Amino acid sequence: MVKPKTGITGLPLGTKESGSRVDFDRNAFSFLVETKGPRFAWARAATCPCQGNNDQTQQPEPNCEFCKGKGRFHFGPEKFYVIPPDEAGDLDELQKILLEKDGAALIRGTMLGAMRSDEEFTRVGPWLFGNAYVTVRPENPIGFHDRLIALDAELTFDEILDAGDPNEPLALHFLAVGVNCIQAVHPTIKRWQEGVDFEVVNGLVVWTSDAPDEDTRISVHYRFHPQWTVWSQPQSFRIASTKAKLAGVPPPKTPLGTPEKLVIRAMVRLEHLEDP
Ligand SMILES: [Zn+2]
């Protein structure tokens, strides 16, 4: 009979048992989130009332002016800074627009694996199935379907659309950080370049010369701040019992200790990869 190998037990040499604790140190988690976590524009999500108007399909109204047929709308969480405090760091114009669009709150969160560097995004391309895990502070109770826009990261996206009125700014699916290429094949094969034929202003393409005709089909390849959707019920009410004294919290009176809210972890999915 093969005996299982004995596991390793016992305290490392010289370690004392007294003074150790098994509960989570909430401050240590918040410290990591604040010092290592990139910034997100957090907006809550709710179902648009247009959904269910069609008795047969229960689909959202495709022509709904409010949600644009998506079936969801976003709004800012209450009781957050309208103007981000100094701790939020510098914000460029596009980042400010993304925050103001839905009244989003600026929060920090650590994202597992996916967000260590912009290079990692570029290398992996349309990244796996677009899933990741995000951890935020317990004060930011993100919910199912909420939107998190990664203000400090970029992804590339490309889409085909009609050029539209050349005198109007061209809106893309996402607000663009910058445009890498605009290409047409009809009526002639032609390419437009940022800084030469157009500028990107507040996330929109503004033609400066030689704009394509209104009905020209163009392919636009551009960079944007990734938009994630919370795709699991986050553990918003995860609570640990602690026997340590906390600032502003009376010492524990029961053998169970003082309840303490913990960091929130949720699965998120890239918005444009939501539909399989
Ligand atoms: Zn709607």
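Is Asp-210 buried or exposed, and how many other C-beta atoms lie within 10 Å? In this predicted model, Asp-210 is exposed, because just 11 other C-beta atoms lie within 10 Å and a residue with 12 or fewer counts as exposed. Asp-210 sits in the loop between β10 (204-207) and β11. Its backbone is worth a look too, since Asp-210 has a positive phi of about 55 degrees although it is not a glycine.

With that residue as a starting point, the chain as a whole can be introduced. It contains three helices and 15 strands. Of its 276 residues, 24% count as buried. When contacts between residues at least 6 apart in sequence are considered, 75% of them join residues at least 24 apart.

A good place to begin the tour is the interior. The largest nonpolar core has 28 residues. Phe-40, Ala-41, Trp-42 and Leu-148 are the ones with the most contacts inside this core. Several elements contribute to it: β1 (39-47), α2 (93-101), β3 (105-111), β4, β5, β12 (227-230) and β15 (264-270) each supply at least two residues. Phe-40 shows how distant parts of the chain meet here. Apart from its neighbours within four places in sequence, Phe-40 is in contact with Ile-107, Gly-109, Leu-148, Ile-149, Ala-150 and Leu-151. A second, separate core has 17 residues, among them Trp-192, Ile-218, Val-220 and Tyr-222.

Helix α2 is one of the contributors to the 28-residue core, and its two sides can be told apart. Its buried residues are Gln-95, Leu-98 and Leu-99. Because these residues cover an arc of only 95 degrees around the axis, they lie on the same side of α2. The spacing fits a general rule: an α-helix has 3.6 residues a turn, so residues three or four places apart point the same way. The buried residues of α2 pack against β1, β3 and β5. On the face turned away from this buried side, α2 carries the exposed residues Glu-93 and Glu-100. Just after the helix, Gly-103 takes a positive phi of about 65 degrees.

Attention now turns to a sheet. Four strands form an open sheet in the order β6-β11-β7-β8, with antiparallel pairing. Its edges are β6 (155-162) and β8 (190-192), each of which pairs on one side only. On average, neighbouring strands of this sheet are turned by 20 degrees against each other, direction ignored.

The sheet can be followed strand by strand. Eight bridges join β6 to β11 in the antiparallel sense, and within this pairing Glu-159 has Val-220 of β11 as its bridge partner. Next, β11 pairs with β7 over six bridges, again antiparallel, and Cys-181 stands opposite His-221 in β11. Finally, three bridges join β7 (residues 176-184) to β8, and these strands also run antiparallel. Here Ile-182 has Trp-192 of β8 as its bridge partner.

Strand β11 (residues 217-224) has two contrasting faces. Ile-218, Val-220, Tyr-222 and Phe-224 make up the covered face, while Arg-217, Ser-219, His-221 and Arg-223 make up the uncovered one. The covered face links back to the interior, as Ile-218, Val-220 and Tyr-222 are included in the 17-residue core. Trp-192, the partner of Ile-182 in β8, is also a member of that core.

The loops add some details of their own. Between β7 and β8 lies the loop that holds Pro-187. A cis peptide bond joins His-186 and Pro-187, with omega about -5 degrees.

Another loop runs between β4 (131-136) and β5 (147-150), and Arg-137 is found there. Arg-137 is partly exposed, because 19 other C-beta atoms lie within 10 Å and a residue needs 20 or more to count as buried. Leaving aside neighbours within four places in sequence, Arg-137 is in contact with Ser-30, Val-33 and Val-263. The C-alpha atoms of Arg-137 and Gly-109 are separated by 7.4 Å, although these residues are 28 apart along the chain. Gly-109 was met above as one of the contacts of Phe-40.

The loop between β4 and β5 also holds His-145. Phi of His-145 is near 75 degrees, a positive value in a residue other than glycine. His-145 is partly exposed, with 16 other C-beta atoms within 10 Å.

Definitions and conventions. Residues numbered from 1 in each chain as written. Predicted model: local features only at pLDDT ≥ 70, side-chain atom pairs only at ≥ 80, totals over all residues. Pairing = 2+ DSSP bridges. Axes fitted to C-alpha atoms, helices over the stretch in contact; angles between N-to-C directions. Contact = placed C-beta atoms within 7 Å. Core = buried A, V, L, I, M, F, W, Y, C linked by C-beta atoms within 7 Å. Arc of directions from axis to C-beta.
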